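Reader: I am new to this structure and should be grateful for a close look at a single part of it. Please take one helix as the subject and connect it to its surroundings.

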Amino acid sequence: MRTGAPIITYIMIGLCVLMFLAELLIPNGAVFQQFAYAPYITEFEPWRMITSAFMHSTGFLLHIVFNMYALWILGRSLEPILGRARYLALY
């Protein structure tokens, strides 16, 4: 067990919210086009397998709210048990 604040959980929540806001503020779906997972270009842009985990639907506000609430609840429990590195790998 680790003590202290679940830093990785808070960082993940922050990154998801930042990506959500970027999707809202940058027009024409540019953020989605750059970061969403696309299997046919995975060989050339492998980072999309990771960046797609931070994408959320902008058409339904409760999507991000419920996802971040679940991450907050589960992350505060799992991160101390697994440790930061294993928790990050699991995410």
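Author: Arg84 offers a convenient point of entry. This is a predicted model, and in it Arg84 is partly exposed, with a relative accessible area of 28%. Arg84 forms a salt bridge with Glu79, and the closest N and O atoms of the pair are 3.5 Å apart. The pair lies within the limit for a salt bridge, because that limit is 4 Å between a side-chain nitrogen of Lys or Arg and a carboxyl oxygen of Asp or Glu. Glu79, in contrast to its partner, counts as buried, at 2% relative accessibility. In general, side chains of opposite charge can pair when their charged atoms come close.

The helix to be examined is α4, which covers residues 61–82. Helix α4 contributes to a nonpolar patch on the surface, and its share of five residues is the largest. The patch has an area of about 670 Å² and consists of Tyr10, Tyr69, Trp72, Ile73, Leu74, Leu78 and Leu90. One of these residues, Ile73, has its place in helix α4. Ile73 counts as partly exposed because its relative accessibility is 31%, and the range for that class runs from 20% to 50%.

Helix α4 also takes part in the interior. The largest nonpolar core has 13 residues, and those with the most contacts inside it are Met12, Cys16, Met19, Phe54, Ile64, Met68 and Leu71. Two elements, α1 (7–25) and α4, each give two or more residues to this core. The greatest contribution is that of α1, with six residues. Ile64 may serve as an example of the contacts made: apart from neighbours within four places in sequence, Ile64 is in contact with Cys16, Phe20 and His56.

For comparison, a second salt bridge may be considered, since the structure holds two. The side chains of Arg48 and Glu45 meet with an N to O distance of 2.5 Å. In this pair Arg48 is buried, with a relative accessible area of 8%, whereas Glu45 is partly exposed, at 23% relative accessibility.

Thr42 completes the account of the surroundings. Thr42 is located in the loop between α2 (30–35) and α3 (48–51), and it is buried, with a relative accessible area of 16%. The side chain of Thr42 reaches the backbone oxygen of Ala38 at 3.3 Å. Beyond neighbours within four places in sequence, Thr42 is in contact with Tyr37 and Met49.

Technical notes
Residues numbered from 1 in each chain as written. Predicted model: local features only at pLDDT ≥ 70, side-chain atom pairs only at ≥ 80, totals over all residues. Heavy atoms only, no water. Patch = residues over 30% accessible without salt bridge, like charges linked within 9 Å, V, L, I, M, F, W, Y side chains within 5 Å. Areas by Shrake-Rupley, 256 points an atom, 1.4 Å probe, with all protein chains shown as cover. Helix = DSSP H or I, 4+ residues; strand = E, 2+ residues; numbered from the N terminus. Buried < 20%, exposed > 50% of the residue type's maximum accessible area, 1.4 Å probe, protein only. Core = buried A, V, L, I, M, F, W, Y, C linked by side-chain atoms within 4.5 Å. Contact = heavy atoms within 4.5 Å. Polar contact = N/O pair within 3.5 Å; in protein donor to acceptor, adjacent residues only side chain to side chain.
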